[in-house]
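Here is a briefing on one protein chain and its ligand. Look over the sequence and the model before reading on.

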Amino acid sequence: MPLPPESADLMRAAERASRSAYAPYSRLNVGAAVRSASGAVYAGCNAENAAFPLGSCAEANAIGAAVLAEGPALRLVEVAISAHEADGRAVTIPPCGGCRQRIGEFGPHARVHFATEDGGVRTLTLDELLPESFRLEP
Ligand code: THU
């Protein structure tokens, strides 16, 4: 499915963020951008660590920036993810399981677009990516 034209800016923000990634260990540069219900866009990239489990995903960092800006009222409507290897080759990155849970906390019905290695984009809803997800009433 082609990326809807109104989502092109979000994917561009994700691509831009992937160029800031710190990924010397996996050499997989990931960028994510989220759009909140207010219309604002927040981006993040992965940031790895020599102690591997301490590294963080692009989506987690984008969501952290969004929470910082909008606080607990944050609602996510759309997420875009773009990734490339060190040599610039595009890689298909559906969000990892943990990031699906992170997105669901603020956007249980968010649309998730991820760039594919053939230059396309795949779009799924969070409900499709993480059916029957774990929720806890605050
Ligand atoms: N990564 C992300 O940033 N998002 C995902 O959804 C999957 C994985 C990052 C984490 C790590 O820096 C690298 O990709 C390889 O796992």
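In this predicted model, an oxygen atom of the ligand is 2.9 Å from an N or O atom in the side chain of Asn46. The ligand also has an oxygen atom 2.5 Å from an N or O atom in the side chain of Glu48. At Ala58 the partner is a polar backbone atom, 2.9 Å from a ligand oxygen. The protein covers 77% of the 380 Å² of accessible area that the ligand has on its own.

**Ligand site**

- The space that the ligand takes is the second largest pocket.
- Strand β1 and helix α2 (58-70) are the elements that give two or more residues to the shell around the ligand.
- Ser26, Leu28 and Val30 are among the residues around the ligand.
- Asn46 and Glu48 belong to that shell too, and each has a side-chain N or O atom facing a ligand oxygen in the distances above, 2.9 Å for Asn46 and 2.5 Å for Glu48.
- The shell also includes Cys57, Ala58 and Glu59.
- Pro95 and Cys96 complete the list of residues around the ligand.

**Salt bridges**

- How many salt bridges does the structure hold? There are four.
- One of them pairs Asp9 with Arg35, and their closest N and O atoms are 2.9 Å apart.
- Asp9 lies in helix α1 (residues 8-18) and Arg35 in strand β1 (residues 28-36), so this pair ties together parts that are 26 residues apart in sequence.
- Arg35 forms another salt bridge, with Glu78, again with the closest N and O atoms 2.9 Å apart.
- Glu78 sits in strand β3 (residues 76-85) and Arg35 in β1, so the pair ties together parts 43 residues apart in sequence.
- Glu78 also has a salt bridge with Arg111, where the closest N and O atoms are 3.8 Å apart.
- That pair links distant parts of the chain, with Arg111 in strand β5 (residues 111-115), Glu78 in β3, and their positions 33 residues apart.
- Through shared partners, salt bridges join Asp9, Arg35, Glu78 and Arg111 into one network.

**Burial across the network**

- Is Glu78 buried or exposed? Glu78 is buried, because its relative accessible area is 3% and the cut-off for buried is under 20%.
- Arg35 counts as buried as well, at 13% relative accessibility.
- Asp9 is partly exposed, with a relative accessible area of 32%.
- Arg111 is partly exposed too, at 38%.
- Which side chain makes a polar contact with the side chain of Glu78? The partner is the side chain of His113, at 2.8 Å.
- Glu78 in strand β3 therefore has salt bridges with Arg35 and Arg111, plus the polar contact with His113.

**Positive phi values**

- Most residues other than glycine have a negative phi.
- Arg27 has a positive value, with phi near 60°.
- Where does Arg27 lie? Arg27 is in the loop between α1 and β1.
- Arg27 is exposed, with a relative accessible area of 52%.
- Glu132 also has a positive phi, near 50°.
- Glu132 is found in the segment after α4 (126-129).
- At 83% relative accessibility, Glu132 counts as exposed.

**Tyr25 and the loop between α1 and β1**

- Tyr25 has its place in the loop between α1 and β1, the loop where Arg27 lies.
- Tyr25 counts as partly exposed, at 40% relative accessibility.
- How far apart are the C-alpha atoms of Tyr25 and Phe52, and what is their spacing along the chain? The C-alpha atoms are separated by 8.4 Å, and the residues are 27 apart along the chain.

Key: Residues are numbered from 1 along each chain as its sequence is written. This is a predicted model: local features need pLDDT of at least 70, side-chain atom pairs count only at pLDDT 80 or more; totals for chains, interfaces and linings use all residues. Side-chain values use heavy atoms; hydrogens and water are left out. A salt bridge is a side-chain nitrogen of Lys or Arg within 4 Å of a carboxyl oxygen of Asp or Glu. Helices (H or I, at least four residues) and strands (E, at least two) are DSSP runs, numbered from the N terminus. Buried means under 20% relative accessible area, exposed over 50%, partly exposed in between (1.4 Å probe, protein chains only). A residue is near a molecule or strand if one of its heavy atoms lies within 4 Å of it. A polar contact is a pair of N or O atoms within 3.5 Å; within protein, one must be able to donate a hydrogen and the other to accept it, and residues adjacent in sequence count only if both atoms are side-chain atoms. Accessible areas come from the Shrake-Rupley method with a 1.4 Å probe; for residues, only the protein chains shown count as cover. On a 1 Å grid over the protein atoms alone, a cavity is a set of points where a 1.4 Å probe fits but cannot get out, and a pocket is an open set with protein on both sides within 12 Å along at least five of seven lines; lining residues have an atom within 4 Å of a point. A molecule sits in a cavity or pocket if more than half of its atoms lie within 2 Å of its grid points.
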